[in-house]
Amino acid sequence: MASKPKKVLIVDDELDNRKFVRAALEDEGYAFAFARDGADAVEKAAAEQPDLIVMDVQMPKKDGFAALYDLRHDPVLKAIPVILLTGIAEKTGVRFSADAVSDYMGERPDAFLDKPVDPAKLLATVRRLIER
């Protein structure tokens, strides 16, 4: 009997960015769920129990940093790997890293990738985190 596909929650306020992430990962056989902002992401994570979350940082209602904080403080959701994506470096020249996010928020994402995201790097990061 085939095993249930791993589920990835894709969180971004831009539809094109959600489509991009899905396209980069869809040949791997993952199942997908989607959210448009950080508040929706926390709700969907609780409802869907994804195996991994790929989340933008800059979003309305609740940004990715605040959603990461909420996820890490929920006993049921805290173990879900989270990859944060951001275009902040491209816009401002300020580079973030998982360590910098941890220093800033007190919570560490499992990976941090700058936009524009290299699809091969995203896929390799997802594979590494989802199969651990």
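Q: How many helices and strands are there in the protein chain?
A: This is a predicted model, so let's start by walking along the chain. From the N terminus on, the elements go β-α-β-α-β-α-β-α-α-β-α. Tallied up, that gives six helices and five strands.

Q: In what order do the strands sit in the open sheet?
A: The sheet takes in five strands, and their pairing is parallel. Neighbouring strands are turned by 20 degrees against each other on average, ignoring direction. Reading across the sheet, the order is β2-β1-β3-β4-β5.

Q: Which strands stand at the edges of the sheet?
A: An edge strand here has a single partner strand, so one side of it is left without a neighbour in the sheet. That picks out β2 (31–35) and β5 (111–114).

Q: What is the bridge partner of Val 8 in β3?
A: Strand β1 covers residues 7–11 and strand β3 covers residues 52–56. The two pair in the parallel sense over four bridges. For Val 8, the partner in β3 is Leu 52.

Q: What angle does helix α6 make with β5?
A: Two helices are worth a look against the sheet. Helix α1 (residues 15–25) lies across β1, β2, β3 and β4, running at about 165 degrees to β2. Helix α6 (residues 119–130) packs on the sheet too, touching β1, β3, β4 and β5. Its direction and that of β5 make an angle of about 170 degrees.

Q: Which element gives the most to the largest nonpolar core?
A: That core has 20 residues, and Leu 9, Ile 53 and Leu 71 are among those with the most contacts inside it. At least two residues each come from β1, β2, α2 (38–48), β3, α3 (64–72) and β4. The top contributor, with four residues, is α3.

Q: How many residues are in the second, separate core?
A: In soluble globular proteins, nonpolar side chains tend to be buried together. Here there's a second core apart from the largest one, and its members include Ala 24, Leu 52, Val 54 and Val 117. Its size is 19 residues.

Q: Within what arc do the buried residues of α3 fall?
A: The buried set in α3 is Gly 64, Phe 65, Ala 67, Leu 68, Leu 71 and Arg 72. Look down the axis and they line one face of the helix, because they fall within an arc of 160 degrees.

Q: Which residue's side-chain oxygen reaches the backbone nitrogen of Phe 65?
A: Look at the start of α3 for this one. The oxygen comes to within 3.0 Å of that nitrogen, and it belongs to Asp 63.

Conventions:
Residues numbered from 1 in each chain as written. Predicted model: local features only at pLDDT ≥ 70, side-chain atom pairs only at ≥ 80, totals over all residues. Heavy atoms only, no water. Pairing = 2+ DSSP bridges. Axes fitted to C-alpha atoms, helices over the stretch in contact; angles between N-to-C directions. Contact = heavy atoms within 4.5 Å. Core = buried A, V, L, I, M, F, W, Y, C linked by side-chain atoms within 4.5 Å. Buried < 20%, exposed > 50% of the residue type's maximum accessible area, 1.4 Å probe, protein only. Arc of directions from axis to C-beta. Polar contact = N/O pair within 3.5 Å; in protein donor to acceptor, adjacent residues only side chain to side chain.
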